[in-house]
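Work through the exercises below with the model open. Try each task before you read its solution.

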Amino acid sequence: MMREVVLFDSLYRERVWGGRSLENLLGRSLPGEGPIGESWDVVDRPEAQSVVRSGSMKGRTLRWLIENETEDVMGRDWKPADRFPIMVKWLDCRKRLSLQVHPPAHAASELEGEPKTEHWFVAETSPGAHLIAGLKRGVSREQFERALGSGDVEACVHRFPVKAGDALFVPSGRVHAIDAGCLILEIQQNSDTTFRVFDWGRVGIDGKPRSLHVEKSLRSIDWGDFEPEPQRGAPTSSQLVACPEFRIRRVVLARGERLSVGGGQEPRLLSVVGGRVHAGATTLIPGDTALLPFAGDFNFLAGDPVLLLLTEGFASRGEAPRQPAA
């Protein structure tokens with residue numbers, strides 16, 4: 001029976017906008033010497049698989065768990081061929097990311113992509129850190145297209161300061177970028193479709209301009225999405241987002257407090273942003289994301305003051321689109 005906390009090895013991705021902050025902020029051992037922008041910590045895709053790093057299933061992939069321990073991991077109604085519907089990443093944004101958008105569900109297939117709704121939790125920031133999300137109030141598609149030609153795109157988008165503890169919901173169709181100096185925990189639909197609409201005149205790691213997807217971006221952007229605001233950091237537990245794809249709760253525990261997660265209801269993900277929690281012989285540290293299988297009952301004890309994100313609601317039938325396994 002799959003009733004243990006499941007932790008996975010991280011998969012690292014070089015990005016031109018990345019850095020090496022995962023080493024000192026999360027204590028990671030990073031490969032190579034290049035700029036690491038993304039750590040994929042939970043992923044079930046044909047091109048990338050999470051591998052269990054410890055416990056009775058060490059060395060097994062997430063895909064293997066779902067296919068062979070389906071009911072214990074995902075619940076009795078889950079189909080073994082359906083992919084795990086969530087990806088979890090850490091983003092080390094030392095430089096500004098491209099201005100981009102993910103296709104909405106109604107247009108994704110036509111645009112040869114997958115919808116991607118995501119949530120950002122800001123774990124650390126440098127002084128002056130900002131996010132970009134949505135359009136400035138009143139900006140039209142025509143104005144935006146003219147700005148693409150002139151290079152004055154920043155005048156069209158909503159840019160605002162952020163600090164550690166802030167959060168932002170980024171539904172499919174919301175134009176967005178992460179500015180320099182942010183360490184972000186991203187929880188998203190299982191998708192790897194991103195359309196770059198503008199890249200600030202930058203070149204990639206290979207020294208060549210990165211490809212843009214202007215026409216697909218223009219067809220994906222929600223032209224009525226003006227000036228969304230983040231949820232500002234708070235010292236108490238609260239719900240951050242509830243959407244058809246997932247629900248995320250911020251859980252704050254004082255040292256010695258407990259969190260109980262009942263089994264037989266749904267699978268969940270527990271991400272540690274700050275502090276340490278213990279579940280029996282397993283200790284979760286900052287940067288860890290654990291899969292809590294459907295079949296397990298879990299009790300977590302805070303060894304320090306702790307900040308957690310608990311992701312739920314992603315295994316409900318008929319709510320979130322899923323792609324079949326390859």
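A polar contact is a pair of N or O atoms within 3.5 Å; within protein, one must be able to donate a hydrogen and the other to accept it. The model used here is predicted.

**Exercise 1. Ser21**

Task: Find the side chain with which the side chain of Ser21 makes a polar contact, and decide whether Ser21 is buried or exposed.

Solution:
- Step 1. Locate the residue. Ser21 lies in helix α1, residues 21-26.
- Step 2. Check the accessibility. Buried means under 20% relative accessible area. Ser21 has 10%, so it counts as buried.
- Step 3. List the contacts. Setting aside neighbours within four places in sequence, Ser21 touches Leu26, Asp92 and Arg94.
- Step 4. Pick out the polar contact. The side chain of Ser21 makes one with the side chain of Arg94, at 3.4 Å.

**Exercise 2. Gly18**

Task: Determine how far the C-alpha atom of Gly18 is from that of Arg94.

Solution:
- Step 1. Place the residue. Gly18 belongs to strand β2.
- Step 2. Test for burial. Its relative accessible area is 8%, so Gly18 is buried.
- Step 3. Take the C-alpha distance. Gly18 and Arg94 are 76 residues apart along the chain, and their C-alpha atoms are separated by 5.3 Å.
- Step 4. Collect the contacts. Beyond neighbours within four places in sequence, Gly18 meets Pro35, Ile36, Gly37, Asp92 and Arg94.
- Step 5. Compare with Exercise 1. Asp92 and Arg94 appear in the contact list of Gly18 and also in that of Ser21.

**Exercise 3. The largest pocket**

Task: Describe the lining of the largest pocket by residue, element and class.

Solution:
- Step 1. Give the volume. It is about 380 Å³.
- Step 2. Identify the residues. The lining has 21 of them, and Arg15, Trp17, Glu38, Gln100 and Thr194 lie nearest the centre.
- Step 3. Assign elements. Those giving two or more residues to the lining are β2 (11-19), β3 (36-42), β6 (86-93), β8 (118-125) and β12 (176-178).
- Step 4. Sort by class. Nine lining residues are charged, six are polar and six are nonpolar.

**Exercise 4. A six-stranded sheet**

Task: Trace the order of the open sheet of six strands and name its edge strands.

Solution:
- Step 1. Write the order. It runs β1-β21-β18-β23-β16-β15, with antiparallel pairing.
- Step 2. Find the edges. β1 (6-7) and β15 (238-242) each pair on one side only.
- Step 3. Inspect one pair. Seven bridges join β16 (247-253) to β23 (306-312), and these strands run antiparallel.
- Step 4. Match a residue. Arg250 has Leu309 in β23 as its bridge partner.

How values were computed. Residues are numbered from 1 along each chain as its sequence is written. This is a predicted model: local features need pLDDT of at least 70, side-chain atom pairs count only at pLDDT 80 or more; totals for chains, interfaces and linings use all residues. Side-chain values use heavy atoms; hydrogens and water are left out. Two strands pair if DSSP finds at least two bridges between them. Helices (H or I, at least four residues) and strands (E, at least two) are DSSP runs, numbered from the N terminus. On a 1 Å grid over the protein atoms alone, a cavity is a set of points where a 1.4 Å probe fits but cannot get out, and a pocket is an open set with protein on both sides within 12 Å along at least five of seven lines; lining residues have an atom within 4 Å of a point. Grid points are joined across faces, edges and corners, and a volume is the space filled by probe spheres set on the points. Ala, Val, Leu, Ile, Met, Phe, Trp, Tyr, Cys and Pro count as nonpolar, Asp, Glu, Lys and Arg as charged, and the others, Gly among them, as polar. Buried means under 20% relative accessible area, exposed over 50%, partly exposed in between (1.4 Å probe, protein chains only). Contact means heavy atoms within 4.5 Å.
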